[in-house]
Amino acid sequence: MAERLEDLNLPNTVITRIIKEALPDGVNIAKEARTAFAKSASVYILYITSAASLVATSNNRKTISGQDVLQAIGNVEFNNFLEPLQDVLEYFRRMQKGKKDASAKRKMQKERKSEDQNGNEVGDKDNVMEADLDNGLETSSDVIYDCVDQ
Amino acid sequence: MEGTEGTDNTDHTDDLAGNNWKDHASGKEVGSAQEETEHEEEKSERILRLPLARVKHIMKIDPDVHFASQEAVFLITKSTELFIESLAKEAYTYTTQGKRRTLQKKDVDNAIESADCLAFLEGVLDT
């Protein structure tokens with residue numbers, strides 16, 4: 001799978017915006033510095049991913065979970081990130097739950113139609129979804145990618 | 001939400017230089033949790049700036065990494081934003097020390113050398 005070099009970098013415009021908003025008005029960022037930030041950010045991602053992967057493996061899991069990431073961040077001493085991350089995580093979970101409820105609802109409506117036709121039970125659709133998650137299988141709602149090269 | 005209450009006295013969200021990080025604990029992104037129902041749609045656009053897909057791409061470089069939950073990718077993306085802010089503030093202390101208005105690469109270099117938690121970046125910017 002050919003990776004383009006640009007795909008491995010984060011968008012410079014976004015990085016610059018993040019920097020500018022973190023600093024007082026009127027501060028300029030030299031071009032070389034912008035590149036430095038982009039590179040550092042990419043390396044940070046690899047660093048945290050590796051640390052989180054270690055946490056997951058030490059718990060005999062193949063899937064890196066949100067908790068693994070939080071633990072890894074604590075392990076590498078970026079503790080000041082943890083509180084803001086918890087806040088944002090709450091929000092993210094609520095959003096995900098909203099999406100899941102909406103798609104579960106749609107599924108149930110589909111099942112109801114086929115129940116009318118086949119006379120079968122709708123069944124515990126919610127539990128089936130949860131079982132998939134427990135088994136660590138990818139579902140469209142949870143694991144969103146598979147890192148293994150094809 | 002308990003998280004947003006940590007902005008008062010015992011605020012331990014300090015950046016690498018020990019400066020107070022109240023802005024982040026109260027969260028520009030999270031904002032006022034009380035009004036969240038009104039502004040939720042706006043917030044859903046603002047909660048993340050970096051693209052999840054690109055972050056995923058970078059994560060894939062690690063051959064030992066196979067599966068990651070959505071939450072994990074989300075948290076890594078968000079923490080990367082926090083990291084950039086943190087590094088920027090740290091570097092900026094050197095910019096002001098040099099009485100400059102332009103943040104230069106050497107400021108980033110100095111930041112990396114001065115903070116223990118940034119040791120993983122040593123040598124990365126030398127090209």
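These are my notebook entries on a predicted model with chains A and B.

**Entry 1: the two chains in outline**

I began with chain A, for which I found five helices and three strands, and I wrote down their order from the N terminus as α-β-α-β-α-α-α-β. Chain A has 150 residues, and 38% of them count as buried. I then looked up the surface of chain A, which comes to about 8,900 Å², with 48% of that area belonging to carbon and sulfur atoms.

For chain B I noted five helices and two strands, arranged along the sequence as α-α-α-β-α-β-α. Of the 127 residues of chain B, 51% count as buried, and the chain exposes about 6,200 Å², of which carbon and sulfur atoms supply 43%.

I also looked at how far apart in sequence the contacting residues are, taking into account contacts between residues at least 6 apart. In chain A, 32% of such contacts join residues at least 24 apart, while in chain B the share is 39%.

**Entry 2: the largest nonpolar core**

Which residues touch the most other members of the largest nonpolar core? I found that the core has 65 residues and that A:Phe37, A:Phe78 and B:Phe83 are the ones with the most contacts to other members. I then listed the helices that each supply at least two residues of this core: from chain A they are helix 1 (12–22), helix 2 (31–58), helix 3 and helix 4 (82–118), and from chain B they are helix 3 (52–59), helix 4 (70–97) and helix 5 (105–114). The largest share, 13 residues, comes from helix 4 of chain B.

I followed A:Phe78 further, leaving out residues up to four places away in sequence, and found that it touches A:Tyr44, A:Tyr47 and A:Ile73 in chain A, as well as B:Phe83, B:Cys117, B:Leu118 and B:Phe120 in chain B.

**Entry 3: helix 3 of chain A and the residue after it**

Helix 3 of chain A covers residues 66–75, and I noted A:Gly66, A:Asp68, A:Val69, A:Leu70, A:Ala72 and A:Ile73 as buried there. One of these, A:Ile73, had already come up in my list of residues touched by A:Phe78.

Just after this helix, A:Glu77 takes a positive phi of about 70°, although A:Glu77 is not a glycine. I placed A:Glu77 in the loop between helix 3 and helix 4 of chain A.

I looked up a second residue with a positive phi, A:Asn60, whose value is near 60° and which is likewise a residue other than glycine. A:Asn60 is found in the loop between helix 2 and strand 2 (63–64) of chain A. Is A:Asn60 buried or exposed? Its relative accessible area is 76%, and the cut-off for exposed is over 50%, so A:Asn60 counts as exposed.

**Entry 4: two helices of chain B**

At what angle do helix 3 and helix 4 of chain B pack? I found an angle of about 100°, with the two axes 10 Å apart. Because angles from 65 to 115 degrees count as roughly perpendicular, helix 3 of chain B is roughly perpendicular to helix 4 of chain B.

The contact brings together B:Leu52, B:Val55, B:Lys56 and B:Met59 from helix 3 with B:Val73, B:Phe74, B:Ile76 and B:Thr77 from helix 4. Sorting the residues of this contact, I noted six as nonpolar, one as polar and one as charged.

**Entry 5: two single residues**

A:Ala33 is found in helix 2 of chain A. Its relative accessible area is 0%, and buried means under 20%, so A:Ala33 is buried. Leaving aside neighbours within four places in sequence, I found A:Ala33 in contact with B:Leu103, B:Gln104 and B:Lys105 of chain B. I also looked up its distance to A:Thr16, which lies 17 residues away along the chain, and the C-alpha atoms of the two are separated by 9.9 Å.

In chain B I chose B:Asp109, which lies in helix 5. With a relative accessibility of 25%, which is between the cut-offs of 20% and 50%, B:Asp109 counts as partly exposed. From B:Asp109 to B:Asp126 there are 17 residues in sequence, and the C-alpha to C-alpha distance is 9.2 Å.

Technical notes: Residues numbered from 1 in each chain as written. Chains lettered and ligands numbered in written order. Predicted model: local features only at pLDDT ≥ 70, side-chain atom pairs only at ≥ 80, totals over all residues. Heavy atoms only, no water. Buried < 20%, exposed > 50% of the residue type's maximum accessible area, 1.4 Å probe, protein only. Helix = DSSP H or I, 4+ residues; strand = E, 2+ residues; numbered from the N terminus. Core = buried A, V, L, I, M, F, W, Y, C linked by side-chain atoms within 4.5 Å. Contact = heavy atoms within 4.5 Å. Axes fitted to C-alpha atoms, helices over the stretch in contact; angles between N-to-C directions. Parallel < 35°, antiparallel > 145°, perpendicular 65-115°, else oblique. Nonpolar A, V, L, I, M, F, W, Y, C, P; charged D, E, K, R; others polar. Areas by Shrake-Rupley, 256 points an atom, 1.4 Å probe, with all protein chains shown as cover.
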